Amino acid sequence: MNAWTFESQPGALGDTTVTLVEGGSFCVCSSSGDIVPGGAQGVYHADTRLLSRWELRVDEARVEPLRVITAEPYHATFLGRTGPRPGQAESTLMVIRDRYVGGGLREDLTLRNMSDEAAGCVITMHVGSDMADLFEVKGGHAHHVSAVETAADTSGLLISAPARSRGARVVTDPMPTAVPGLLTFRAVVPARGEWVVTLQVNPIVEGEETPAWFSTQHGIEHAEPARRRADWDRLSPVITTSNRTLAQVLDRSRQDLGSLRLFEPDKPGEPPSVAAGAPWFMTLFGRDSLLTSWMALPLDQSLALGTLRRLARLQGRADDPLTEEEPGKILHEIRLGAHSSASPFSSHAYYGSVDSTPLFVMLLGELRRWGVHEELVEELMPHVDAALGWITRSADPFLYYRRKTDHGLLNQGWKDSFDGINFADGTLARPPIALAEVQGYVYAAYIARAHFAEEAGDQAMEEHWKRHAERIREAFNERFWLADRGYYAMGLDGRGRPIDGLGSNMGHCLWTGIVDEDKAASVAEHLMSPAMFTGYGVRTLASTMGAYNPMSYHNGSIWPHDNALVAAGLMRYGFAEGARRIAFGLLDAAKALGGRLPELFCGFDRTEFGVPVPYPTSCSPQAWAAAAPIQLVRTLLRLDPWAPHDQVWLDPVGLKNLRISGLQIGSSRVTIEVGDTGVSVTGLPEGVTLFHEPRSPVTAALR
């Protein structure tokens, strides 16, 4: 998920920071609530750092932090105390900073006096901004930004960067004494009483100021993010289980996905799409948003619909080598920040992804299986055919990638770091490259289009796409299979040579069903071998490979979303024990990491250290990591709906004492209960056939 303008890992934030997220806005700060200049901390909106300094002083002294309480993803309460006042042995003045992030910032600052005497205080807030583009911060180039002007006005402070058409206004109630960079309040805190001030930071984009979403003009509960969260909580399925870790992780996933939803202000009522993750990827991504939406389908199907619709509106229409746009192609990412040297195309979409386009078709096919209305399929079908047009024009039969200019990503699959694709001896593979998992996505996209044709009664079109699917399946199993190794090559290079690195890529091939059944057992054996499975998950690259490094981004680390798809693939081909081991290994990792799965963690064996080792710059919350536990539960349930054909498959393995109520399949809300004696389902409409068995891995695709 690298940024498309350069290939480096996300900038370090430190392990003591607090991240708050709401839609395309986020805040990264210290545990005291202060935003300390000189690093990556700040308040960000529209890919711009609105605040790079926000430091509180009481009588010129820092506040001693006591506790951070994170009630919602967008809200935290920072508790602290001042130093002892004259004549006191201990502090009697408590500081409470209630912070709400969304479209800017709101902070309700309270000083509470525990003494029998009134306390006179001077409260200052040091305010600074560089109006840096997100990528300037990420790449360590924020000190090169153009001039930022700060001026005091009647409401507080006005911060502007005229060259970038970006700015912010800081308003307060009550009014402070304001000078550039400093707000000063002189307060008397009553004995056993409180003094309160509210500070609000409004973004200014292209000369237009908009109030922060948690505006002082209305109560917190009436703010749009709060109303959305209430609806999200109300409509989400309710899961109860005796497994406390599973319950905690699933609840964290639900909260994180809710906070990462993206709403378009000019399209009220439109289902949301989903951002890739905080802090560096709070925007729409093709691959990440599509896979997240797929894995989150049991929780919410509006994410998939909103993501598909927004990507369809941004689908490629022209040939542009600089952005790698091509007709029918689905974008890699879109950015909203000001133009800068670090991200010169940040206001535009970038299309350098080989897998977003087949995943787009796959997701609509899967959404239809869950029962999305036929008219919505018809609405998006022209975009599906445009996407397939791009694939078939580019693939013969395999789909390769190669960047068009040196501005783009060198590697354009999900392992998109510059060294993410390599041969067994560690030699880097150079594009053009046909990735193994991408051929599986293409196969599944062809199958999805065949199903759409079958529903429409177009037998000729159905057979057309089935032939495409069979052609790539046969070619894949012939060209990618390394018979002497017993596993699939990671890819083919431009000369047709198999890239013989042993990686997790082939687990995705199991998930899509492109693997021949007679090869699946050997694939599963390699995936679950000590070289790949650590006890917590499957490594991206086997420890026997030349490029293996458990502390790397893509060459031996463990990615939860990758593992969720590998587990789904193992289960699809009947390797239930392997899928179960991955699922519960990841749950153990999540428990040890505080109840939330990060973007990735290091690939050390579980027996070596006994706890998972964090990857230092891993995004958290991160969308497809948040969706991974939901996909894992679906995998263990062996839940596979086919609503258009009134069929549902359900055959749980490895789960007990689990109840899911309000699970949406088609227009119905069903309840699934897994107990010691079996499984029951209530709420299915009449005429739906429930199969208490797993689906066949191959015939499932074509039946």
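Let me begin in a loop, where Pro-432 lies between H7 and S24, elements that come from DSSP runs numbered from the N terminus, with H or I runs of at least four residues taken as helices and E runs of at least two as strands. A cis peptide bond joins Pro-431 and Pro-432, with omega at about 10°. Pro-397 is also placed in the loop between helix H7 (374–394) and strand S24 (434–435), and the peptide bond that leads to Pro-397 from Asp-396 is cis as well, with omega near -15°.

Before going on, I should say that this is a predicted model, in which local features need pLDDT of at least 70 and side-chain atom pairs count only at pLDDT 80 or more, while totals for chains, interfaces and linings use all residues. Residues are numbered from 1 along each chain as its sequence is written, and side-chain values use heavy atoms, with hydrogens and water left out.

Most peptide bonds are trans, and most residues other than glycine have a negative phi. With that in mind, please look at Ser-165, whose phi is near 55°, a positive value in a residue other than glycine. Ser-165 is found in the loop between strand S12 (156–161) and strand S13 (166–173). Arg-192 also has a positive phi, near 55°, and lies in the loop between strand S15 (182–189) and strand S16 (194–205). For cover, I call a residue buried under 20% relative accessible area, exposed over 50% and partly exposed in between, using a 1.4 Å probe and protein chains only. Ser-165 has 30% relative accessibility and so counts as partly exposed, whereas Arg-192, at 56%, counts as exposed.

Now the protein as a whole. There are 16 helices and 34 strands, and the C-alpha atoms fill a box of roughly 80 × 60 × 55 Å along the principal axes. The radius of gyration is 26 Å, which agrees with the value near 27 Å for a compact globule of 703 residues; it is taken over C-alpha atoms, and the globule rule is 2.2 Å times the number of residues to the power 0.38. Of the 703 residues, 62% count as buried. If we take contact to mean heavy atoms within 4.5 Å, then among contacts between residues at least 6 apart in sequence, 64% join residues at least 24 apart.

Turning to single helices, what span should the 21 residues of helix H9 (residues 459–479) have at 1.5 Å a residue? The expected span is 1.5 Å times one less than the number of residues, which gives 30 Å for H9, and the end C-alpha atoms are 30 Å apart, so the two agree. Among the buried residues of H9 are Trp-465, Ile-472 and Phe-476.

Helix H5 (residues 302–313) has 12 residues and reaches 17 Å from its first C-alpha to its last, close to the 16 Å expected. H5 is mostly covered, with 10 of its 12 residues buried, including Leu-303, Gly-306 and Leu-311. Arg-309 lies in H5 too, and this arginine is buried, because its relative accessible area is 17%. Leaving out residues up to four places away in sequence, Arg-309 touches Glu-270, Pro-271, Leu-376, Glu-379 and Leu-380.

Is Asp-256 buried or exposed? Asp-256 lies in helix H3 (residues 244–259) and is buried, since its relative accessible area is 2%. Beyond its neighbours within four places in sequence, Asp-256 is in contact with Arg-596, Pro-621 and Ala-626.

Pro-530, by contrast, is exposed, with a relative accessible area of 67%, and is placed in the loop between helix H11 (517–527) and helix H12 (560–572). Apart from neighbours within four places in sequence, Pro-530 is in contact with Arg-539 and Ser-543.

Finally, the aromatic rings. Rings of Phe, Tyr and Trp (its six-membered ring) pair if their centres lie within 6.5 Å, with planes under 30 degrees apart counted as stacked, over 60 as edge-to-face and the rest as tilted. A search of the whole structure finds 21 aromatic pairs. Phe-281 and Phe-285 form an edge-to-face pair, 5.5 Å centre to centre with 80° between the planes, and both residues are buried. Phe-398, Phe-476, Phe-480, Trp-481 and Tyr-488 form one aromatic cluster.
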